Amino acid sequence: MSGVPSLVVIGGGPRGTGVIERIAANAGELYGDRRLDIHLVDPYPPGGGRIWRQDQSALLRMNSMAEDVTMFTDDTVRMDGPVRPGPALDAWARDVARGRMTVDAAPAVLEEIRTLGPRDFPSRRLQSAYLRWVHEQAVATLPPGITVHEHRTSARHVSGPRDGRQRVWLDGRTAPLLADLVVLTLGHLDAEPEAEQRELSSFAARHGLVHLPPDFTADSDLDALPAGRPVIVRGFGLAFVDLMVLLTEGRGGRYENGTYIPSGREPVLHVGSRRGVPYHSKIGYPLEGEGPPLPHHFGPAQVDALLAERGTADFRRDLWPMVVKELGHAHYHRLFSAHPERTAVAYADFAEKYAAADQGSPELQALIAEAVPDPADRIDVEALDRPLDGVRHASFDSLQDGLRAYITADLERRHDPEQSPDLAVFLGLLSAYGQLARVGDPGGHWHGFFSYLASGPPGPRLRSLLALSRAGVVRFLGAGMTVEADEELGLFRAGSATVPGEHVTATALVEARLPDPSLHRTRSPLLRALYEDGASGTGAGLLRTDPADGRVLDRDGAPHPRRFALGPHTTARGGGAFTRPRTGGPAFRQNDATARAALAFLRTAGTRPQC
């Protein structure tokens, strides 16, 4: 028998919304007026999904300014489908405030929308309202023959032959959904703890301690952390910032004129990490004048040449040198164009020699030293990545003053337009991210470096951190952090390379990070079943997908004709689901390629026997 073709999209967050938006944009060209049923599966409301759901603390904020967030394509996105422009978050909020559109949101969120400025950092609840609106608009622009059916539940298993309809089994439903195609747009997923985490949890259970393994901070059991007691925190990124906020302001503390007034319910957070410092502050000024021409040393031509020569690319050997060269180009172009008084040669001469010199070569170092007299005006990417290398303190008390000075200097620099080469480097990082998305997952080093330099907290969060440090609520541990389970004391013990020989002990340990994506340890039965059914995974535990259109690859490298996957659990995790306007949006390109491949396949599905 024949029926209406069916597409199942598993994951209704921003990535799933992006795929539906691209289906709407491409359907006129590729699908005409044919009928299609889209089944959207997610236990959380569509648009925001789990991470961006409405039901979370109003204290939790985005780490992007409103003007830097969009879910819509523009002419900088390299894709085959049509551009469908739409408002960035700040423009959307302005339209809502002026009554040009209505949204369904809580009164507190509506009030925040009315007062939101372009350079404000919105709450996640506000972003949830924007994402819900984008989802509704995407569905509304689908052709009349395409219908979306929502299923507020989880998918557990996908089965079916490569040449036949797929069966998608859902929680709470005995009969499967029948699908001609399945697209996985899952976000960040829970995972079973790795060996070290299991050992630490077992130690905590034996000694009556608290161990919170990697998790989405809003879902962690923070009530288990007692007031006034020391807590060791491993991780100094955005998950720590959320933890810090929820355990201080979330427990009734407040700030007055830069001073933290405790409620008495806070624990004492002893925080450290591999780098030992928080992520760099978001830059607090706009780009004025000429920006760096990007991409330049790491663009499509270089990626095409590399893939043609090698087929695959090793990140450290092949890609990292080009990334560093690109970041240097962005930095020096801005220095020469915006601050020429701090340079000593003509830019044209410098640029020609910079392009010819090998990255890291003595010739390049000599060129930079001659052209940029002050070492403070040069960029050293490796040093940026390890700010506390070689720094030693005799005591943790001494480290507190040193790290407060470091954070203060970072805040001043990131809000000083005289340091605008930093903003150019940020733009270079965004450009590099877009290129790396074409070659598969570049690995943890790149993602960590990018987040540390380009995806840090808003300045006010770091000012809060300084106030908490002065109040003794946060204590810094340093770089090269170590955590041990001390069986003799029955306590967790932490130290660092920055303060040799010194340690702190605590009855609680928090791992301030999301679980690493892993096919082997994921708590998603859907992903586990895909892997067991023959899907290919990387050594790092990511689902291998075809970089051209997101099809899931089998272990022999063949793309599955009826299964696609996008998102952080795949080798296409390079792009976030939403992005800064006019920066190429790698996720938008991926969404478009997947939507076009899906529509081309589904166009003929209605003429084939349905089984």
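Biologist: What volume does the largest cavity have?

Modeller: This is a predicted model, and every value here is computed from it. Cavities of 30 Å³ or more number four. The largest cavity has a volume of about 60 Å³.

Biologist: How do the residues lining the largest cavity divide into nonpolar, polar and charged?

Modeller: The lining of the largest cavity includes Leu 212, Pro 213, Leu 243, Val 510 and Ala 512. Asp 215, Thr 217, Ser 220, Glu 511 and Arg 513 also line this cavity. The division is five nonpolar, two polar and three charged.

Biologist: Which helix gives the largest share of the largest nonpolar core?

Modeller: The largest nonpolar core has 54 residues, and those with the most contacts inside it are Leu 225, Ile 232, Val 233, Phe 240, Leu 465 and Phe 476. The largest share of this core, eight residues, comes from helix 6 (residues 238–247).

Biologist: How many residues does the second, separate core have?

Modeller: Among the members of this second core are Val 303, Val 425, Phe 450 and Leu 453. In soluble globular proteins, nonpolar side chains tend to be buried together. The second, separate core has 39 residues.

Biologist: Which residues does Val 233 touch, leaving aside those up to four places away in sequence?

Modeller: Val 233 is one of the residues with the most contacts inside the largest nonpolar core. Among its contacts are Leu 243, Val 510 and Ala 512, and these three residues also line the largest cavity. The full set touched by Val 233 is Phe 240, Leu 243, Leu 269, His 270, Val 271, Gly 272, Met 481, Val 510 and Ala 512.

Biologist: Is Leu 7 buried or exposed?

Modeller: Leu 7 is found in strand 1 (residues 6–10). Its contacts include Ile 23, Leu 36, Ile 38, Leu 181, Val 183 and Leu 602. Because its relative accessibility is 0%, and buried means under 20%, Leu 7 counts as buried.

Biologist: How far apart in space are Leu 7 and Gly 495, C-alpha to C-alpha?

Modeller: In sequence, Leu 7 and Gly 495 are 488 residues apart. In space, the C-alpha to C-alpha separation of Leu 7 and Gly 495 is 52 Å.

Biologist: Why does His 393 count as buried?

Modeller: His 393 lies in the loop between helix 11 (381–385) and helix 12 (396–414). Beyond four places in sequence, His 393 touches Ser 398, Leu 399, Gly 402, Thr 498, Val 499 and Pro 500. Buried means under 20% relative accessible area, so His 393 qualifies with a value of 18%.

Biologist: With which side chain does the side chain of His 393 make a polar contact?

Modeller: One of the residues touched by His 393 is Ser 398. The polar contact spans 2.8 Å, and the partner is the side chain of Ser 398.

Biologist: Which residue does a cis peptide bond join to Leu 294?

Modeller: Most residues other than glycine have a negative phi, and most peptide bonds are trans. The cis bond has an omega of about -10 degrees. The partner is found in the loop between strand 12 (268–272) and helix 7 (300–310). The residue joined to Leu 294 is Pro 295.

Biologist: What is the phi of Asn 257?

Modeller: Asn 257 is in the loop between strand 10 (254–256) and strand 11 (259–261). At 84% relative accessibility, this residue counts as exposed. Its phi is positive although Asn 257 is not glycine, with a value near 55 degrees.

Definitions and conventions:
Residues are numbered from 1 along each chain as its sequence is written. This is a predicted model: local features need pLDDT of at least 70, side-chain atom pairs count only at pLDDT 80 or more; totals for chains, interfaces and linings use all residues. Side-chain values use heavy atoms; hydrogens and water are left out. Helices (H or I, at least four residues) and strands (E, at least two) are DSSP runs, numbered from the N terminus. Buried means under 20% relative accessible area, exposed over 50%, partly exposed in between (1.4 Å probe, protein chains only). A polar contact is a pair of N or O atoms within 3.5 Å; within protein, one must be able to donate a hydrogen and the other to accept it, and residues adjacent in sequence count only if both atoms are side-chain atoms. Contact means heavy atoms within 4.5 Å. On a 1 Å grid over the protein atoms alone, a cavity is a set of points where a 1.4 Å probe fits but cannot get out, and a pocket is an open set with protein on both sides within 12 Å along at least five of seven lines; lining residues have an atom within 4 Å of a point. Grid points are joined across faces, edges and corners, and a volume is the space filled by probe spheres set on the points. Ala, Val, Leu, Ile, Met, Phe, Trp, Tyr, Cys and Pro count as nonpolar, Asp, Glu, Lys and Arg as charged, and the others, Gly among them, as polar. A nonpolar core is a set of buried Ala, Val, Leu, Ile, Met, Phe, Trp, Tyr and Cys residues joined through side-chain atoms within 4.5 Å.
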